[in-house]
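Work through the exercises below with the model open. Try each task before reading its solution.

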Amino acid sequence: MLLLSGCSDSSDAQADTEVAATDLSVFAGCYTVSQDEPAQIKISQQEGAWVMQMKEPASAKRVWDEPEALEVIKNSDIPQFFSIDPDNVDAVIGRPDRVLVLAHVKPAYANIDPLLDSEYLSYIYRGANTIYRVECDDINTDILANPHANVIIDNVNESS
């Protein structure tokens with residue numbers, strides 16, 4: 001009698017299934033860091049792959065830069081980027097170099113967490129914050145302008 005047995009690491013199989021089952025369509029659209037600002041990042045699906053584009057400065061001859069590839073990130077990797085329980089996140093996508101990572105928080109959780117005012121979280125080069133989904137536009141904006149160029153800050157320690 002010959003007995004053959006095989007084994008597999010079920011956690012890897014589960015992680016692969018988790019990544020394959022993730023609905024990334026929640027990311028399709030444009031984003032900005034403040035609800036009152038124009039779109040700065042565009043996420044879309046092109047030729048079967050998810051990509052991101054950044055808004056170009058007003059001096060460019062185009063509105064959006066060249067698409068950069070994005071990839072699915074496993075929920076088990078969430079603690080590297082965000083201080084949120086991975087069970088409260090339903091999708092994570094990011095650049096391969098992890099300079100930009102986006103997470104979609106489950107709507108029910110976003111509604112009850114007082115620290116969240118958006119269903120979207122962004123991790124951009126060592127910092128995490130909420131971001132806002134906004135209408136996409138094809139209008140150049142001067143994103144390189146210095147908004148503080150004419151600001152005068154008085155010394156608060158000066159006696160009057």
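Five exercises follow, each with a worked solution.

This is a predicted model, in which local features need pLDDT of at least 70, side-chain atom pairs count only at pLDDT 80 or more, and totals for chains, interfaces and linings use all residues. Residues are numbered from 1 along each chain as its sequence is written, and side-chain values use heavy atoms, with hydrogens and water left out.

**Exercise 1. The chain as a whole**

Work out how many helices and strands the protein chain has, and in what pattern they follow the sequence.

Solution.
- Start with the count: the protein chain has two helices and nine strands. Helices (H or I, at least four residues) and strands (E, at least two) are DSSP runs, numbered from the N terminus.
- Next, read along the sequence: the pattern is α-β-β-β-β-β-β-β-α-β-β.
- Then check burial: 36% of the 160 residues are buried. Buried means under 20% relative accessible area, exposed over 50%, and partly exposed in between (1.4 Å probe, protein chains only).
- Add the surface: the accessible area of the protein chain is about 10,700 Å², and carbon and sulfur atoms hold 50% of it. Such areas come from the Shrake-Rupley method with a 1.4 Å probe; for residues, only the protein chains shown count as cover.
- Finish with contacts, meaning heavy atoms within 4.5 Å. Of those between residues at least 6 apart in sequence, 44% join residues at least 24 apart.

**Exercise 2. The disulfide**

Find which cysteines the disulfide joins.

Solution.
- The structure contains one disulfide, a pair of cysteine sulfur atoms within 2.5 Å.
- The partners are C30 and C136, with an S to S distance of 2.0 Å.
- The link of C30 and C136 is right-handed, with 105° about the S-S bond.
- C30 sits in strand 1 (residues 29-32) and C136 in the segment after strand 9, so the pair ties together parts 106 residues apart in sequence.
- Now compare exposure. C30 is buried because its relative accessibility is 0%. C136 is partly exposed because its value is 41%.

**Exercise 3. D137**

Is D137 buried or exposed? Which side chain makes a polar contact with the side chain of D137?

Solution.
- Locate D137: the residue is in the segment after strand 9 (127-134).
- Its relative accessibility is 16%, so D137 counts as buried.
- The side chain of D137 makes a polar contact with that of K55, at 2.6 Å. A polar contact is a pair of N or O atoms within 3.5 Å; within protein, one must be able to donate a hydrogen and the other to accept it, and residues adjacent in sequence count only if both atoms are side-chain atoms.
- Leaving out residues up to four places away in sequence, D137 touches P38, A39, K55, V63 and W64.

**Exercise 4. N75**

Establish where N75 lies and whether the residue is buried or exposed.

Solution.
- N75 is in the loop between strand 5 (71-72) and strand 6 (89-94).
- N75 is buried because its relative accessible area is 16%.
- A polar atom of the N75 side chain lies 3.4 Å from the backbone oxygen of P86.

**Exercise 5. Positive phi**

Describe the settings of E47 and R98.

Solution.
- Recall the background: most residues other than glycine have a negative phi.
- E47 is not a glycine, yet its phi is positive, about 55°. E47 lies in the loop between strand 2 (41-46) and strand 3 (49-54). At 87% relative accessibility, E47 is exposed.
- R98 also is not a glycine and has a positive phi, about 60°. R98 is in the loop between strand 6 and strand 7 (100-105). At 24% relative accessibility, R98 is partly exposed.
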